[in-house]
Amino acid sequence: MSQSPPAGFQLPAEVIEKVASLRSRYPSEEALLLPALHLAQKAAGGWLSHDVIAAVADLLGLPASKVAGVVSFYDMFHEQPVGRHRVRLCTNLSCQLRGADELAALLRRELGVDAGEVTPDGRCSWVEFECLGSCDTAPMAMIDEDYHENLTPDRLLQTVRRLD
Ligand code: FES
């Protein structure tokens with residue numbers, strides 16, 4: 001199951017040291033923010049709670065609101081718990097016309113959780129997503145870092161069942 005960072009989360013020493021070691025390679029604290037958030041997210045169990053955001057802001061001397069704005073802008077950062085595997089199912093027009101609703105229903109049934117939720121064992125989470133730029137191969141989903149195109153329910157089912 002995804003672990004929630006404790007309230008008043010403290011960044012691990014190795015994250016603080018790594019950020020310090022990167023500092024000379026970036027021209028400003030703002031520029032250092034993205035790698036710092038990546039490190040923090042990994043250390044915090046895959047997502048960035050308010051407490052983790054506050055810890056990163058404190059480390060870099062930036063306003064928490066600014067850090068929160070960056071987190072919400074980039075979809076590589078997660079503001080809610082996620083599974084070890086993340087499925088992004090495109091439900092925009094081209095994919096919807098070619099069966100995305102059926103694929104969403106399949107994910108709901110197979111994983112036993114709704115969009116935005118994590119399976120009880122922490123294995124998988126899924127979300128509906130806006131266009132992922134692969135409309136000519138609709139319907140499609142991004143699973144972890146890979147595109148799965150021209151999906152059929154059977155292919156999606158087999159792929160999801162292979163996620164460990
Ligand atoms: S509409 Fe699904 S990838 Fe563009």
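Start your tour at the sheet: four strands make an open sheet in the order 2-1-3-4, with mixed pairing. Strands are DSSP runs of E with at least two residues, helices are DSSP runs of H or I with at least four, and both are numbered from the N terminus. Two strands count as paired if DSSP finds at least two bridges between them.

Before you click further, note that this is a predicted model: local features need pLDDT of at least 70, side-chain atom pairs count only at pLDDT 80 or more, and totals for chains, interfaces and linings use all residues. Residues are numbered from 1 along each chain as its sequence is written.

**Stop 1: the sheet**

Select strand 2 (124–129) and strand 4 (146–148). These two stand at the edges with a single partner strand each, so one side of each has no neighbour in the sheet. On average, neighbouring strands here are turned by 20° against each other, direction ignored.

Strands of a sheet pair through backbone hydrogen bonds, either parallel or antiparallel. Which sense will you find between strand 1 and strand 2? They pair in the parallel sense, over six bridges. Pick out His-85, which stands opposite Cys-124 in strand 2.

Now move to strand 3 (residues 141–143). Strand 1 and strand 3 pair in the antiparallel sense over three bridges, and Val-87 stands opposite Ile-143 in strand 3. Strand 3 and strand 4 are also antiparallel, over three bridges. There, Ala-141 has His-148 in strand 4 as its bridge partner.

Next, add helix 6 (residues 100–111), which packs on the sheet and touches strand 1 (85–90) and strand 2. The direction of helix 6 makes about 155° with that of strand 1. Such angles run from 0 to 180 degrees between N-to-C directions; axes are lines fitted to C-alpha atoms, for helices over the stretch in contact.

**Stop 2: helix 2 and helix 3**

Select helix 2 (residues 29–43) together with helix 3. Their axes come within 10 Å and cross at roughly 140°. That makes helix 2 oblique to helix 3 (under 35 degrees is roughly parallel, over 145 roughly antiparallel, 65 to 115 roughly perpendicular, and the rest oblique).

Who meets whom? Show Glu-29, Leu-32, Leu-33, Ala-36, Leu-37 and Ala-40 in helix 2: they meet Val-52, Ala-55, Val-56, Leu-59 and Leu-60 in helix 3. Residues are in contact if their C-beta atoms, placed from the backbone, lie within 7 Å. By class, this contact has 10 nonpolar, no polar and one charged residues. Ala, Val, Leu, Ile, Met, Phe, Trp, Tyr, Cys and Pro count as nonpolar, Asp, Glu, Lys and Arg as charged, and the others, Gly among them, as polar.

**Stop 3: helix 3 and helix 4**

Keep helix 3 (residues 50–60) and add helix 4 (residues 64–73): this pair packs at about 120°, with axes 8 Å apart. Helix 3 is therefore oblique to helix 4. Colour Ile-53, Ala-54, Val-56 and Ala-57 in helix 3, which meet Ala-64, Val-67, Ala-68 and Val-71 in helix 4. This contact divides into eight nonpolar, no polar and no charged residues.

**Last stop: the whole chain**

Zoom out. How many helices and strands does the protein chain have? There are seven helices and four strands, following the pattern α-α-α-α-β-α-α-β-β-β-α along the sequence. An automatic or database domain assignment sets the domain bounds: domain 1 covers 13–73 and domain 2 covers 85–162. Their centres, taken over C-alpha atoms, are separated by 30 Å. Along its principal axes, the C-alpha trace spans about 50 × 30 × 25 Å.

Key: Two residues are in contact if their C-beta atoms, placed from the backbone, lie within 7 Å.
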